[in-house]
Amino acid sequence: MTPVRRSRIGLVRSHTPTDGQARPVRSSLDESTLLYPDANVDRGGLPVMANRVMDLLAPGVLSLAEISAHVRLPVPIVKVIAADLVAGGHVLARTPAPPEQRNDCELLERILHALHEL
Amino acid sequence: MPSMSSEVHHLPASVTQSVKIIVLGPFGVGKTTLINSVSEIRPLSTEETMTQYGQAVDDLADLPDKTTTTVAMDFGRLTIGDDIALYLFGAPGQPRFRTFVDDLMLGALGGIVLADTRRIDASFDHIDRLENAGVPYVITVNSFDGAPEYSEEELRQAFQLDDDTPLVICDARRRETAKLPLISLVRHLLAHTDASAPRPEPSRT
């Protein structure tokens, strides 16, 4: 019997598509924030480093920390670049929301299962 | 300019959320070793500017050969299913990274404090900081070859742990045991979800 747990699925969780964009951009960015590129937005006029980040993101999704490691810029600086890219619509950012994640039984169970399988 | 083409492992667009777990402990306690044992990618390192230098983006953009940075943290990744990316961040142990680590704790699902039985007290500060930040954690003894072995009871006493805080013993070099603190942490979180906590009935009799 799982009706109680199933009812939790209806709650708004940390990965709703608007999360990360609804809040003031800079403070919502984190090392583990995922950045999703939008290739349809014109990159004309972007600063050099912002363009480099967009090049790096072109094949897919990366976290802010991964971008920091690959472009070899400190995390706080990548946060600023990413915040500008979010503001310009070039990327969508999703930041984890631990208080919700800690109560998301389905998420935790899935992580636990994956770790056992590792 | 460092090459960045071959080693970039992108996540699929189907990934909808990330999870952040931080690994703390004194310098040389095995944080990166543990992350390496569990990560699906070769651990990456981020850099941090030395504080006395300017951090303006434009300045650094013009300085490709900048010499003002130092390695700040190593981290790894584990993709779960096709929609969850779990990140393991190794918090630098040196005191000069204190503010950086306090920032790192924000947004963490939980923490793993690594300890070495030859210098247990070196991990106390890390426990206190997670405690103060309200981040759930597990204590993990990394069993080094030749280090003294203690019973769980003795270790619990040494760390002054309450009964609720998990204590794990692992060998950070081996994936089979390096994953144990993670499993313990997630179990600990599951045991404390709102759903499992007894809720007072809104009785109005």
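Student: Let's start with chain A. What pLDDT does chain A average, and what share of the residues score at least 70?

Tutor: This is a predicted model, so confidence is a good place to begin. Chain A averages a pLDDT of 82. The share of its residues that score at least 70 is 77%.

Student: Which element of chain A has the lowest mean pLDDT, and which the highest?

Tutor: Look at the start of the chain: over residues 1-26 of chain A the pLDDT is below 50. That stretch still has 33 contacts in the model beyond near neighbours in sequence. Among the elements of chain A, the lowest mean pLDDT, 45, belongs to helix 1 (residues 3-6), and the highest, 98, to strand 2.

Student: Moving on to the sheet in chain A, what is the order of its three strands?

Tutor: It's an open sheet with antiparallel pairing. Strand 1 pairs with strand 3 of chain A over four bridges, and in strand 3 the bridge partner of A:P37 is A:V91. The order is 2-1-3.

Student: Why is one side of strand 2 and of strand 3 of chain A left without a neighbour in the sheet?

Tutor: Strands of a sheet pair through backbone hydrogen bonds, either parallel or antiparallel. Here strand 2 and strand 3 (91-94) of chain A each have a single partner strand, so one side of each has no neighbour in the sheet. The reason is their place: they stand at the edges.

Student: Helix 2 of chain A packs on the sheet, so to speak; what angle does its direction make with that of strand 1 of chain A?

Tutor: Helix 2 of chain A touches strand 1, strand 2 and strand 3 of chain A. Helix 4 of chain A packs on the sheet too, touching strand 1 and strand 3, with about 115 degrees between its direction and that of strand 3. For helix 2 and strand 1, the angle is about 85 degrees.

Student: Is A:I67 buried or exposed?

Tutor: A:I67 is found in helix 3 of chain A. Leaving aside neighbours within four places in sequence, A:I67 is in contact with A:L35, A:V53, A:L56, A:L62 and A:V78. With 26 other C-beta atoms within 10 Å, where 20 or more is the cut-off, A:I67 is buried.

Student: Which residues touch the most other members of the largest nonpolar core?

Tutor: In soluble globular proteins, nonpolar side chains tend to be buried together. This core has 75 residues, and helix 4 of chain A gives the most to it, with seven residues. Among the residues that A:L35 touches are A:I67, A:A82 and A:V91. The ones touching the most other members are A:L35, A:A82, B:I21 and B:V23.

Student: Now the contact between the chains: which element gives the largest share of the side of chain A that touches chain B?

Tutor: The contact takes 47 residues from chain A and 48 residues from chain B. Elements giving two or more residues to the side of chain A include strand 1, helix 2, helix 4 and helix 6. By class, that side has 28 nonpolar, 11 polar and eight charged residues. The largest share, eight residues, comes from helix 6 of chain A.

Student: Over in chain B, how many residues of strand 1 are buried?

Tutor: In a regular strand the side chains alternate between the two faces of the sheet. From strand 1 of chain B, B:Q17, B:V19, B:I21 and B:V23 point one way, while B:S18, B:K20, B:I22 and B:L24 point the other way, and all are buried. The count is eight of eight.

Student: How many bridges pair strand 1 with strand 4 of chain B?

Tutor: Strand 1 of chain B also runs parallel to strand 5, joined by four bridges, with B:V23 opposite B:I112. Strand 4 (residues 84-90) pairs with strand 1 in the parallel sense too, and there B:Q17 stands opposite B:I84. The number of bridges between strand 1 and strand 4 is seven.

Student: Last one: which helix of chain A do the buried residues of helix 7 of chain B pack against?

Tutor: Those buried residues are B:P181, B:L182, B:S184, B:L185, B:V186 and B:L189. Within chain B, they pack against strand 1, helix 1, strand 5, strand 6 and strand 7. In chain A, they pack against helix 6.

Note on methods: Residues are numbered from 1 along each chain as its sequence is written. Chains are lettered from A and ligands numbered from 1 in the order in which they are written. This is a predicted model: local features need pLDDT of at least 70, side-chain atom pairs count only at pLDDT 80 or more; totals for chains, interfaces and linings use all residues. Two residues are in contact if their C-beta atoms, placed from the backbone, lie within 7 Å. Ala, Val, Leu, Ile, Met, Phe, Trp, Tyr, Cys and Pro count as nonpolar, Asp, Glu, Lys and Arg as charged, and the others, Gly among them, as polar. A residue is buried if 20 or more other C-beta atoms lie within 10 Å of its own, exposed if 12 or fewer, and partly exposed in between; C-beta atoms are placed from the backbone. pLDDT is the predictor's confidence in each residue, from 0 to 100. Two strands pair if DSSP finds at least two bridges between them. Axes are lines fitted to C-alpha atoms, for helices over the stretch in contact, and angles run from 0 to 180 degrees between N-to-C directions. A nonpolar core is a set of buried Ala, Val, Leu, Ile, Met, Phe, Trp, Tyr and Cys residues joined through C-beta atoms within 7 Å.
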